[in-house]
Structure formats: C-alpha cells, structure tokens
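Biologist: I'd like a close look at just one part of this model, please. Could you pick a stretch, go through its residues one by one, and then place it in the wider picture?

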Amino acid sequence: MSQERQVTVRVQKVKRNRIRMKLFLFAALAATLLLITIFAKYICPYDPYAQDLSQAMQPPSATHLMGTDTYGRDMLSRVLIGAQTSISSTFALVAIITVFGTIVGIFCGYYGGVVDSVMMRISDICLAFPGLVFAMAVAAILNGGVQNAVIALALISWPKYSRIARSQTLSMKSLPYMQAAQLAGDSALQMILRHVLPNIVGPILVTSMLDIGTMMMEIAGLSFLGLGAQPPVAEWGSMMSSGRSMLQTYPWIVLSPGLAIFVSVVIFNLLGDTIRDYMDPKNSHSR
C-alpha cells in the first residue's frame with residue numbers, strides 16, 4: 001500500500017471515529033431527554049399544577065431553581081412535566097407523517113396510475129401553502145388542543161415523506177434484482193417488504209430525525225398562538241405565551257420553557273445531522 005493510500009485510510013478512520021463519538025454523545029443526550037419525559041412526574045420537585053399565590057413571581061433561587069409563575073407554581077416542575085406534552089406530541093406527529101407518507105409514496109411509486117396522479121396533486125396542493133399558516137387554519141377549525149394541533153400539522157407535513165419514498169421506489173423498480181425477484185414469483189407485497197422498504201428506510205429515517213426539531217417548534221408555535229395546548233396544561237409553547245407580557249419584568253417565566261425548547265431542538269437536530277453523516281455513502285466503506 002502506498003504512503004498516500006495509508007494517509008487516506010488513517011484520515012478515514014479518524015473521521016469515522018469522530019462521527020461515532022458524536023453519534024453516541026447526541027444519542028445519549030436524546031435518551032436522557034426521553035427518560036426525563038417518561039419519568040417527569042417522579043422527578044418534579046413540586047406539584048406542577050399546585051397554586052400558591054404567596055409564592056407568586058419568585059425569582060430563581062435555591063428553593064425554586066427556575067422561579068415561580070403568576071400562580072406560584074414551580075417553573076422547573078412545569079418545564080419537566082411540560083416535556084411529556086411537548087416531546088411526546090412531537091414524536092407522535094413525526095411517527096404519523098413518516099408512516100403515512102412512506103406508505104403513500106411506496107404505493108404511488110410502485111403501482112403508479114390514477115392513484116399516483118391524484119395523491120401527487122394533493123401533495124402539490126399541501127406544499128403550495130405556507131406550512132404553519134395552513135396548520136393554523138386547520139387547528140382553528142378544529143378548535144385547538146394538542147391532538148388537533150398534531151392533526152393539523154400532519155395534514156401538511158406528510159408530502160415530504162411521500163415524495164422521498166416515491167422517488168426512491170421509482171428508481172428501484174427498473175433495477176435488475178427487482179426484475180429478477182418479480183420473475184421468481186415474488187408478490188408485490190413481498191417485493192415491497194423485502195426489497196423496496198429496506199433500501200429506502202435510511203433516507204426516511206434521516207429525514208424524520210431532522211424533522212423532530214422542526215415539528216417541536218411548530219407545535220410550540222401553535223400553542224403559543226392559542227391553537228395548541230390550552231391552560232392549565234403544561235406545554236412549553238403555551239407556557240411561553242402565558243408569560244409573554246411579563247418578559248421584561250419576570251423574564252424567567254418565558255425563558256424557562258424557551259430554554260427547554262432550545263436545548264431539545266438543538267440536541268435532536270445535532271443527532272439527525274450526525275445520523276445523516278453516519279449513513280452517508282461516502283463514509284459507508286470506512287465502517
């Protein structure tokens with residue numbers, strides 16, 4: 001092996017190890033957030049819904065690390081319990097649009113025909129509107145609430161996945177091994193499950209991971225506008241909305257849930273970027 005080739009291999013190994021270390025780090029941070037979400041009610045220092053007006057508007061201190069709100073509720077407890085609403089609804093939304101969009105894309109790409117044309121035109125209509133504006137209109141029609149916010153965002157977010165799945169399926173249909181599998185007697189369902197789905201799961205997974213942060217901010221945005229979670233439900237966007245008029249006088253009421261959104265979005269975005277780098281074909285030969 002030439003010296004130049006040896007240097008290239010060493011550089012590739014260093015790059016591979018850095019990507020793996022980043023993947024483990026961000027995966028551990030994301031797992032920590034999920035554990036906090038699952039066990040939030042057990043680690044809250046106070047009852048997040050208990051009101052104590054004598055403790056209202058208390059600044060951050062050793063007793064209340066993130067201060068208290070206008071009703072004397074502990075902000076740290078509300079931020080922790082709010083993770084259950086914010087993160088769980090985000091994961092539910094991403095799961096819905098990923099599964100539905102992928103199924104539609106595979107079906108349209110594999111079978112084509114009238115159904116393909118109709119579904120793609122519907123997706124074009126969804127993509128033609130500004131996403132959040134369209135979601136606001138749908139959420140307003142459905143009278144708000146976390147579930148209705150998830151439905152509203154799902155209605156305008158699935159076309160991305162259908163487009164990816166459809167294009168990948170179309171590119172695979174003409175491959176020799178797909179034709180050989182068809183000649184061997186595989187049914188359409190067997191070909192989709194054995195050959196199509198395993199080969200498109202990578203791009204779909206990367207897209208869904210990168211969408212977690214975006215969907216979290218959009219759910220928080222709808223709640224901030226009063227079209228998502230409704231008081232007294234602890235949800236980060238709703239909590240920021242309830243304290244927005246006191247930003248200059250009691251900033252911790254807004255900054256506490258805002259910090260939670262910021263940290264969560266950054267962690268999931270970095271995890272998604274690292275997964276994309278890890279699954280990049282340029283790095284696949286190094287693993």
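**A close look at helix α9**

Modeller: Happy to! Of the 287 residues in the protein, 42% are buried, and please keep in mind that this is a predicted model. The secondary structure consists of twelve helices and zero strands, so let me take one helix, α9, which spans residues 188–224, and look at Val206, Gly213 and Ser223 in turn.

Val206 is part of helix α9. With a relative accessibility of 10%, Val206 counts as buried, because the cut-off for burial is under 20%. Once its neighbours within four places in sequence are set aside, Val206 touches Gly272, Ile275, Arg276 and Met279. A further partner to measure against is Leu271: 65 residues separate Val206 and Leu271 in sequence, and their C-alpha atoms are 9.5 Å apart in space.

Next comes Gly213, also placed in helix α9. Its relative accessible area is 0%, so Gly213 is buried. Leaving out the neighbours within four places in sequence, Gly213 is in contact with Val265 and Asn269. A useful counterpoint is Ala184: Gly213 and Ala184 are 29 residues apart in sequence, yet their C-alpha atoms are 44 Å apart in space.

Asn269 also gives us a link to another helix. Thr32, in helix α1, is 237 residues from Asn269 along the chain, with 15 Å between their C-alpha atoms. Thr32 has 41% relative accessibility and therefore counts as partly exposed, since that class lies between the limits of 20% and 50%.

The last of the three residues is Ser223, which lies in helix α9. At 3% relative accessibility, Ser223 is buried. Beyond its neighbours within four places in sequence, Ser223 is in contact with Gly228, Ala229, Glu235, Gly237, Ser238 and Ser241.

Now for the wider picture. From the N terminus on, every element of the protein is a helix, and the order reads α-α-α-α-α-α-α-α-α-α-α-α. Along the principal axes, the C-alpha atoms fill a box of roughly 75 × 55 × 30 Å. Among contacts with a separation of 6 or more, 71% join residues 24 or more positions apart.

The surface may interest you as well. About 15100 Å² of the protein is exposed, and carbon and sulfur atoms supply 66% of that area. As for charge, there are 21 positive and 14 negative side chains, with the centres of the two sets 11 Å apart.

If you are thinking about pockets, the largest one has a volume of about 210 Å³. It is lined by 13 residues, and those closest to its centre are Leu33, Val79, Leu80, Trp236 and Ala260. Two or more lining residues come from each of α1 (3–38), α3 (75–111) and α11 (252–278). Helix α3 gives the most, with five residues.

One backbone detail rounds this off. Met57 sits in the loop between α2 (40–43) and α3. Most residues other than glycine have a negative phi. The phi of Met57, however, is positive, near 60 degrees.

Methods:
Residues numbered from 1 in each chain as written. Predicted model: local features only at pLDDT ≥ 70, side-chain atom pairs only at ≥ 80, totals over all residues. Heavy atoms only, no water. Helix = DSSP H or I, 4+ residues; strand = E, 2+ residues; numbered from the N terminus. Buried < 20%, exposed > 50% of the residue type's maximum accessible area, 1.4 Å probe, protein only. Contact = heavy atoms within 4.5 Å. Areas by Shrake-Rupley, 256 points an atom, 1.4 Å probe, with all protein chains shown as cover. Lys, Arg positive; Asp, Glu negative; His and termini not counted. Charge placed at Lys NZ, Arg CZ, Asp CG, Glu CD. 1 Å grid on protein atoms, 1.4 Å probe; cavity = no way out; pocket = protein on both sides within 12 Å on 5 of 7 lines; lining within 4 Å. Points joined across faces, edges and corners; volume = space filled by probe spheres on them.
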